[in-house]
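Please examine the fold shown here, beginning with the sheet and then turning to the residues packed around it.

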Amino acid sequence: MALVPPPGSILVADWHRSKDSKEYFSKILHKKRRKRFGLLESPVMPPHIAVDTVHYKIFISGKSGVGKTALVAHLAGLDIPNMHYETTGIETTVVYWPVKLRESGKVLFFRLQLWDCGENALRRFGHLFPSCQEQVDAVLFLFSFTDRTSFDDLSNQFTKWTGTSMGRGVKMVVGTKFDLYMHCDVSERDVRHFQEMWSLPVLRMGGEVSDGLGDVASLLDCLAENLWYQDCVAAGSARHHSQQESEILV
């Protein structure tokens, strides 16, 4: 598994709580709720503020019923469906999230295109999974705290992505329905053992959408930090190979 940066080592943690973040986060809010962005839309900043946008494709993986569609809605600040329904094909949702780099103080907008595809659709139509794999930057592996089988199935989910074009892309695990502790089938001991075995972060999600920021900030910050770290490692590796080639030519 790829190395995971310590939380807050690259990006300013909980930056959405800082005063200097308000102007940026206001561009993804409307009447204290999250704006919904289409594929061709983006936050509009004043002319005197230049902000770069980095683009990433994120695939949501997990068994049917673990809450993939609900998680996407949660991250995008949309209403969570009251009833479960199987996603019939591929659904994409765009989420913008501003971050501040700790070292340089530079602000970036992360454009996260979340891909959600129903498990049954993936089984029935062989062309869907290659489309989901294509140029993917990260995979969020989901399990439900109320469904032990979904937790035990994580290793199968990992195997599905082993050897794909994703390579050493970002992999994160998200436990959904964490708020339903009365029906919990996965213990904290299970989670700790899993983290020790796989060296992957396990984030917890559950409950209703509140202000649209605080309830998703930890997950989006963690995802953005891992994506940026991955790009920095890749850039450093490419620079190293370029230097080696130059030395050979000399």
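The paragraphs below describe the sheet, the helices on it, the nonpolar cores and one buried lysine.

This is a predicted model. Its open sheet consists of six strands in the order β4-β5-β3-β6-β7-β8, with mixed pairing. Because β4 and β8 (202-204) each have a single partner strand, they stand at the edges, and one side of each is left without a neighbour in the sheet. On average, neighbouring strands are turned by 30° against each other, direction ignored. Within the sheet, β3 and β5 run parallel and are joined by nine bridges; Ile-58 has Leu-114 of β5 as its bridge partner.

Two helices may be considered next. Helix α6 (residues 154-161) lies across β3, β6 and β7 and runs at about 160° to β6. Helix α7 (residues 188-198) packs on the sheet, where it touches β7 and β8, and its direction makes about 145° with that of β8.

The largest nonpolar core has 50 residues, and Ile-58, Trp-97, Phe-110 and Leu-227 are among those with the most contacts inside it. Elements giving two or more residues to this core include β3 (52-61), β5 (107-117) and α8 (217-249); α8 gives the most, with seven residues. Leu-227 touches, among others, Tyr-56, Ile-58, Phe-110, Leu-112 and Val-170. A second, separate core of 23 residues includes Phe-151, Leu-154, Val-186 and Phe-194.

A charged residue deserves separate attention. Lys-68, in helix α2, is buried yet has no salt bridge. The nearest side chain of opposite charge, Asp-116, is 5.2 Å away from Lys-68. Beyond its neighbours within four places in sequence, Lys-68 is in contact with residues including Ile-60, Lys-63, Asp-116, Cys-117 and Leu-142.

Conventions: Residues are numbered from 1 along each chain as its sequence is written. This is a predicted model: local features need pLDDT of at least 70, side-chain atom pairs count only at pLDDT 80 or more; totals for chains, interfaces and linings use all residues. Side-chain values use heavy atoms; hydrogens and water are left out. A nonpolar core is a set of buried Ala, Val, Leu, Ile, Met, Phe, Trp, Tyr and Cys residues joined through side-chain atoms within 4.5 Å. Buried means under 20% relative accessible area, exposed over 50%, partly exposed in between (1.4 Å probe, protein chains only). Helices (H or I, at least four residues) and strands (E, at least two) are DSSP runs, numbered from the N terminus. Contact means heavy atoms within 4.5 Å. Lys and Arg count as positive and Asp and Glu as negative; His and the chain ends are not counted. A salt bridge is a side-chain nitrogen of Lys or Arg within 4 Å of a carboxyl oxygen of Asp or Glu. Two strands pair if DSSP finds at least two bridges between them. Axes are lines fitted to C-alpha atoms, for helices over the stretch in contact, and angles run from 0 to 180 degrees between N-to-C directions.
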